[in-house]
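Here is a short briefing on one sheet, the helices packed on it and one loop residue. Keep the structure open as you read.

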Amino acid sequence: MKNLIVAQSGGPTAAINATLAGVIKEWLGDNKGAKVYGSRFGVEGILNENIIDLTELSGDDLDKLMRTPASALGSCRYRLSDPKENETDFKRVVEVFRKYEIGSFVYIGGNDSMDTVHRLSEYFAENGITDIVVNGAPKTIDNDLCGIDHCPGFGSAAKYIATVCSELAREVKVYDKENILIVEIMGRHAGWLTAAAALAAENDKEVPYLIYLSEVKLSVDKFVADLKEAMKNSKNVIVALSEGVMIETDSGTHHGSEDEVDAFGHKQLAGNGRILEKILKDELKYKARYIELSLLQRCASHCLSETDIMEAVELGRLAVRLGLEGESGRMARLTRVSDEPYRVEYSSVDIKEVANLEKKVPSTWINEAKNGVTEEMLRYLKPLVKGEMSCRHKDGVPEFFVI
């Protein structure tokens with residue numbers, strides 16, 4: 001029996017280590033005598049031979065790992081070259097795999113990681129390398145992967161967003177004066193995570209919410225009109241704003257900041273809320289505050305969705321089974337069967353249907369006013385945040401697993 005290697009890539013989440021724990025559990029459960037290795041810092045760790053043995057991890061270690069946020073093996077945003085132009089990376093991967101007697105590689109990640117799975121699996125197939133398989137296990141808080149109903153990491157991040165917004169709604173009501181709070185939420189060009197603010201709005205009708213998803217272009221005039229309408233019923237308003245919203249002002253259309261670009265050409269989006277905060281303060285003279293949740297929304301292990309963590313573990317297990325069955329170039333996925341009772345089925349999808357594609361929020365799930373979501377979105381979201389889990393604690397503070 002050959003060995004397995006696993007790596008993590010892209011942005012961390014609160015559930016990515018649960019998938020890693022699932023991979024290790026499944027491999028050790030069925031493959032006594034075969035090792036499971038971890039690559040530190042994604043595919044770069046393979047290229048640099050930064051590899052560690054995970055075979056001796058205990059059940060207690062894996063339980064702690066499952067509840068630990070961020071990428072325990074480290075991450076990267078390294079893009080493999082086109083093998084038709086330069087085979088260096090691919091030959092090096094094969095060389096390292098041969099050295100460690102690797103027969104299966106599981107890559108845990110989002111869109112860009114699935115691009116790596118796609119490139120490697122095609123290279124192996126085109127070069128007659130049949131003794132090594134590579135498959136993907138999904139993750140992303142952005143929930144923008146195609147071929148899957150929802151992504152591990154999204155449910156816990158959505159639960160955190162709903163929790164934070166509910167708590168902030170209490171904050172804005174403290175004073176008897178106008179108070180607008182703008183909460184900028186991750187998600188890049190897809191508004192799934194921002195939509196989770198609607199879960200807070202559903203539970204608390206006292207404070208109105210304006211929810212602007214990345215799929216919507218927002219003019220300043222429209223925003224001001226929406227705000228004034230909302231303030232007819234309340235002095236206090238929560239504005240949930242996707243980082244990817246295009247804001248149209250007199251000086252043009254803006255994202256907050258687009259200066260930084262990663263290896264895959266993705267611009268770093270942030271700062272939209274500053275634009276709206278300045279308008280509220282300078283032009284309308286309202287008390288307004290801008291909050292960018294930033295990294296907090298993807299590392300909140302004190303506020304985990306049990307549904308999310310359990311599904312993340314199972315998808316890691318499935319990615320291992322795909323390799324054991326000889327499959328390559330696939331991504332483990334889940335398909336929703338029903339909302340009530342909530343039930344999913346596990347299967348796999350050809351990586352070509354996932355890599356470099358982006359799943360947006362359907363237009364029919366955004367309300368007519370373009371400042372909220374529909375009941376269909378709420379039905380989609382509610383099962384994903386169900387169940388309470390937390391990291392483990394020691395002396396009252398979180399205790400995380402460190403590889």
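Which strands does helix α6 lie across, and at what angle does it run to β6? This is a predicted model. In it, helix α6 (residues 154–172) crosses β6, β7, β9 (236–242) and β12. Its direction is at about 165 degrees to β6.

**The sheet**
- Four strands form an open sheet in the order β7-β9-β6-β12, and the pairing is parallel.
- β7 (209–212) and β12 (288–292) are the edge strands, each pairing on one side only.
- On average, neighbouring strands of this sheet are turned by 15 degrees against each other, direction ignored.

**The β6–β12 pair**
- Strand β6 (residues 179–185) runs parallel to β12, and 5 bridges join the two.
- E184 has E292 in β12 as its bridge partner.

**A second helix on the sheet**
- Helix α9 (residues 220–230) also packs on the sheet, where it touches β6, β7 and β9.
- The direction of α9 makes about 155 degrees with that of β7.

**N371 in its loop**
- N371 sits in the loop between β15 (343–350) and α12 (375–381).
- N371 counts as buried because its relative accessible area is 14%, under the 20% cut-off.
- Leaving aside neighbours within four places in sequence, N371 contacts Y209, L210, I211, Y212, K222 and D226.
- The side chains of N371 and D226 are joined by a polar contact of 3.5 Å.
- K360 is 11 residues from N371 in sequence, and their C-alpha atoms are 16 Å apart in space.

Note on methods. Residues are numbered from 1 along each chain as its sequence is written. This is a predicted model: local features need pLDDT of at least 70, side-chain atom pairs count only at pLDDT 80 or more; totals for chains, interfaces and linings use all residues. Side-chain values use heavy atoms; hydrogens and water are left out. Two strands pair if DSSP finds at least two bridges between them. Axes are lines fitted to C-alpha atoms, for helices over the stretch in contact, and angles run from 0 to 180 degrees between N-to-C directions. Contact means heavy atoms within 4.5 Å. Buried means under 20% relative accessible area, exposed over 50%, partly exposed in between (1.4 Å probe, protein chains only). A polar contact is a pair of N or O atoms within 3.5 Å; within protein, one must be able to donate a hydrogen and the other to accept it, and residues adjacent in sequence count only if both atoms are side-chain atoms.
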